Amino acid sequence: MKYKHLASVLVLSAVLFGCKPVKQYQKQFINDAEMDLSAKKSQKFETNFQAYREGASGAGGGKTGGGCGCN
Amino acid sequence: MRKITFAALACFFQVLAAFSQETKDTVYKSRKLKTEEINFVSGYYHQNGDHSAVTGGIGTEKLTDLSNTIEVKLVRSDRRNNDHSLNIELGIDHYSSASSDKIDPSTISSPSHADTRIYPSVGYTIKNQHNFSIGLTGSASNEFDYHSWGAGLNIGKSSPDNNTDFNLKLQAYWDSWKLIYPIELRPPGYGTGGEDGGPVIWTPRNSYSASFSFSRVINARMQVSLLLDLITQNGMLATNYQRVYFDNNTAKPELLPDSRFKLPVGIRFNWFLPGEVILRSYYRYYSDNWGLKAHTAELEAPVKLSPFFSISPFYRFYWQDQADYFAPYRQHRPGDVFYTSDYDLSRFSSHYFGSSFRWVPANGVFHIGKWNSLELRYGHYMRSNDLNSDMITMALKFK
């Protein structure tokens, strides 16, 4: 289990810090609306209902408080 | 001929030089407040199931919800070229719930069987030329038996080349809700919860969260984001009109601890593949001190059929272990300290799949210039404990 966590951290570090700088003029793919790292506007309500119907929420998935949602 | 060539080259380099001199300091930006975009989102949700928490883990969970929001984003720049943005949003939901109608089945219209929730919010952010941003948000939410006030602070910093972003969001919600009991479990003299239905108690529920996100462009086609939330809640976290039946056939209102700490960790990874296909992926691990653990994995693959039209099939898998305080109908023991038969806290897995269609024509949707995009999204949700639901959403953007 310890090795599994270590491997995950190493892979993640390699991905995050082994990146090559991308110039502004090379970002035609990165700047595409579908590449946006946040949830889409059309997902707004479905992430809310998932937060109501499931025990987990947060980390970019659904609201973390405010409003009831207890029905 | 040579003269013409030299003249053309000189002209070309002059244009290049003009662009290279155009730094952030000299780019003209309008200082007047102007509308950058307006978003309308409208959704219809319908669910059905057979494990209602109001009736102790048995009975209909039929529910419909109609949600609408409008969001207006205004921007301006000041003398120092700081970018200011103001976001104003108003949301209105209307739901009807068959299970909530069982709080008092003898009445035609018991409290909370149908309700309208109104939730306005406003946010103001300033971003300077060093890519540092700071913003404040305020929100409110009001429904028949529940009021909520929220405030937030956002701080963000991007690298000079905009390849790395760090964001911190601190958020607090101060909620209060009306304690409503099922008819047979109401203390003597306690109100129904309806208008002029007698005295009732309002009780607080507070939520505080710190959300961290770190985003990085990996290469010209990939980017990744790491997400971490620390969330704490206190106050009335149980829903008092949800019944729990014990193995000796007695019943009580649901009772849960008055504090909860949640720790979700997530990662998003987006990849623009060759051939106009994009992979949007998301994974989250969640854990809390009620013993609930969950995994969420999501994959969406927008396919660009043309520069203006894309279709995006998606699939989401979710699994959770049950909270320590859950037991099904008539399986709790009278000596249990905390108890719930809410199947939202039970052990289950779920599948959610569907597709969305996005249309962003060059001349505006239906040739209406300011109507920038139209998106339709449909999804079907299946939970392993027999809850099924459908959701359809329409999102319109005007720019």
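A nonpolar core is a set of buried Ala, Val, Leu, Ile, Met, Phe, Trp, Tyr and Cys residues joined through C-beta atoms within 7 Å. Keep that in mind for later. The model here is predicted.

Start with confidence. The predictor gives the complex an ipTM of 0.83 and a pTM of 0.87. Chain B has a mean pLDDT of 89. In chain B, 89% of the residues reach 70 or more. One stretch stands apart from that figure. Over residues 1-25 of chain B, pLDDT stays under 50. For residues 1-25 the model has four contacts beyond four places in sequence. Read that stretch with care.

Now meet the two chains. Chain A has 71 residues, and 48% of them count as buried. Chain A holds two helices and zero strands. Chain B has 399 residues, of which 32% count as buried. Its secondary structure is one helix and 19 strands. Look at contacts in chain B between residues at least 6 apart in sequence: 58% of them join residues at least 24 apart.

How do the chains meet? In all, 72 residues of chain B are in contact with 35 residues of chain A. Strand 9 of chain B, residues 222-235, gives the most to chain B's side, with eight residues. The residues on that side of chain B divide into 30 nonpolar, 29 polar and 13 charged.

Helix 2 of chain A, residues 44-53, deserves a closer look. Why is helix 2 of chain A largely enclosed by the rest of the structure? Seven of its 10 residues are buried, so the rest of the structure largely encloses it. The buried residues are A:Lys44, A:Phe45, A:Glu46, A:Asn48, A:Phe49, A:Gln50 and A:Arg53. They pack against four strands of chain B: strand 1 (34-48), strand 2 (63-77), strand 18 (371-383) and strand 19 (388-398).

Two of those strands pair with each other. Strand 1 and strand 2 of chain B run antiparallel, joined by 13 bridges. In this pair, B:Tyr44 stands opposite B:Leu66 of strand 2. Strand 2 of chain B also pairs with strand 3 (residues 83-97), in the antiparallel sense, over 15 bridges. There B:Leu66 has B:His94 as its bridge partner. Strands 2 and 3 of chain B form a hairpin with five residues between the strands. In that hairpin, B:Asn81 takes a positive phi near 65°.

Move along chain B to strand 16, residues 309-320. In a regular strand the side chains alternate between the two faces of the sheet. Strand 16 of chain B shows this alternation. B:Ser310, B:Ser312, B:Phe314, B:Arg316, B:Tyr318 and B:Gln320 point to one face and are buried. B:Phe309, B:Ile311, B:Pro313, B:Tyr315, B:Phe317 and B:Trp319 point to the other face and are not buried.

Which strands pair with strand 16 of chain B? Strand 14 (residues 293-300) runs antiparallel to strand 16 and is joined to it by seven bridges. Here B:Thr296 stands opposite B:Tyr318. Strand 15 (residues 303-306) is also antiparallel to strand 16, with three bridges. B:Ser306 has B:Phe309 as its bridge partner. A hairpin of two residues joins strand 15 of chain B to strand 16 of chain B. Strand 17 (residues 348-359) is joined to strand 16 by 12 bridges, again antiparallel. In strand 17 of chain B, B:Arg358 is the bridge partner of B:Ser310.

Now back to the cores. The largest nonpolar core has 15 residues. Those that touch the most other members are B:Trp290, B:Leu292, B:Ala294, B:Ala323, B:Tyr325, B:Phe326 and B:Leu345. Take B:Leu345. Leaving aside neighbours within four places in sequence, B:Leu345 is in contact with A:Gly55, B:Leu292, B:Gln322, B:Ala323, B:Phe326 and B:Thr340. A second, separate core has eight residues, including B:Ala53, B:Val54, B:Ile180 and B:Tyr241.

Finish with B:Trp202, in strand 8 of chain B, residues 202-219. Is B:Trp202 buried or exposed? B:Trp202 has 12 other C-beta atoms within 10 Å, so it counts as exposed; the cut-off for exposed is 12 or fewer. Leaving aside neighbours within four places in sequence, B:Trp202 is in contact with B:Ser176, B:Trp177 and B:Lys178. B:Trp202 and B:Thr296 lie 94 residues apart in sequence, and their C-alpha atoms are 35 Å apart in space.

Notes: Residues are numbered from 1 along each chain as its sequence is written. Chains are lettered from A and ligands numbered from 1 in the order in which they are written. This is a predicted model: local features need pLDDT of at least 70, side-chain atom pairs count only at pLDDT 80 or more; totals for chains, interfaces and linings use all residues. pLDDT is the predictor's confidence in each residue, from 0 to 100. Two residues are in contact if their C-beta atoms, placed from the backbone, lie within 7 Å. A residue is buried if 20 or more other C-beta atoms lie within 10 Å of its own, exposed if 12 or fewer, and partly exposed in between; C-beta atoms are placed from the backbone. Ala, Val, Leu, Ile, Met, Phe, Trp, Tyr, Cys and Pro count as nonpolar, Asp, Glu, Lys and Arg as charged, and the others, Gly among them, as polar. Two strands pair if DSSP finds at least two bridges between them.
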